[in-house]
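Reader: Please walk me through the packing and the charged pairs here. Keep it brief.

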Amino acid sequence: MPRITVTVDGDRYADDVEPRLLLVQYLRERLGKVGTVVGCDTSNCGACTVHLDGRSAKSCSVLAVQADGCEVRTVEGLADGELHPVQQAFHDNHALQCGFCTPGMIMQSLDLLADEPDPTEQQVREGLEGNLCRCTGYQNIVRAVRDAAGRLRATAEPDVEPPAPREPADRAAELSGGRS
């Protein structure tokens with residue numbers, strides 16, 4: 001059996017695994033990360049979404065051996081004493097009913113917000129289209145993601161200096177396609 005080393009929610013694990021063991025099974029059965037749920041086993045529903053090296057991935061479509069050397073973040077790894085702003089926004093906006101899809105929705109939302117910090121309603125809907133919910137009708141989920149975006153922007157530290165103001169001539173050249 002192959003031996004893998006993987007970091008999950010900040011903790012490093014080294015295990016021998018069957019070559020055909022799915023990442024979702026490894027997380028749930030071996031590590032007890034039951035917040036990552038098995039929904040459809042066909043990668044259609046997105047309930048099993050986790051972050052693999054910082055990007056969302058449906059863990060039912062990834063073999064555990066493919067995660068060797070990777071960093072995995074589950075919904076359980078988001079909270080640090082208190083709920084993550086996305087988790088809190090889902091709670092505050094009643095963006096769940098049965099809760100089955102919620103872990104995957106939250107993890108996919110984080111990926112969406114990393115790419116688009118201030119998404120429109122349409123961008124949220126498109127960004128979550130690979131995650132299915134059978135209960136909510138998505139209205140409150142969309143509302144929660146947009147609320148979470150505002151919360152994350154409000155707490156973000158600027159990591160780069162704002163661009164220097166441009167001279168009017170530079171702006172005119174930019175608008176005319178470089179011709180002045």
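Author: What follows covers the nonpolar cores and then the salt bridges of this predicted model.

Reader: Which helices give two or more residues to the largest nonpolar core?

Author: The largest core holds 22 residues. Val86, Phe90, Met105, Ile141 and Val145 have the most contacts inside it. Ile141 touches Phe90, Met105 and Leu128, among others beyond four places in sequence. The elements giving two or more residues are helices H2 (85-92), H3 (102-115) and H5 (139-155).

Reader: How many residues are in the other core, the one with Val8 and Leu27?

Author: That core lies apart from the largest one. Val62 and Cys70 are also among its members. Its residue count is 17.

Reader: How far apart in sequence are the parts that Arg55 and Asp115 tie together?

Author: The two side chains form a salt bridge, N to O 2.7 Å. Arg55 sits in strand S4 (residues 55-58) and Asp115 in helix H3, so the bridge ties together parts separated in sequence by 60 residues.

Reader: Is Asp92, the partner of Arg151, buried or exposed, or in between?

Author: Asp92 meets Arg151 in a salt bridge at 2.8 Å, N to O. Arg151 is in helix H5 and Asp92 in helix H2. The buried class ends at 20% and the exposed class starts over 50%. Asp92 has 36% relative accessibility, so Asp92 is partly exposed.

Reader: Where does Asp118, the salt-bridge partner of Arg153, lie?

Author: Their closest N and O atoms are 3.3 Å apart. Arg153 belongs to helix H5, 35 residues away in sequence. Asp118 lies in the loop between H3 and helix H4 (121-127).

Methods
Residues numbered from 1 in each chain as written. Predicted model: local features only at pLDDT ≥ 70, side-chain atom pairs only at ≥ 80, totals over all residues. Heavy atoms only, no water. Core = buried A, V, L, I, M, F, W, Y, C linked by side-chain atoms within 4.5 Å. Buried < 20%, exposed > 50% of the residue type's maximum accessible area, 1.4 Å probe, protein only. Helix = DSSP H or I, 4+ residues; strand = E, 2+ residues; numbered from the N terminus. Contact = heavy atoms within 4.5 Å. Salt bridge = Lys/Arg side-chain N within 4 Å of Asp/Glu carboxyl O.
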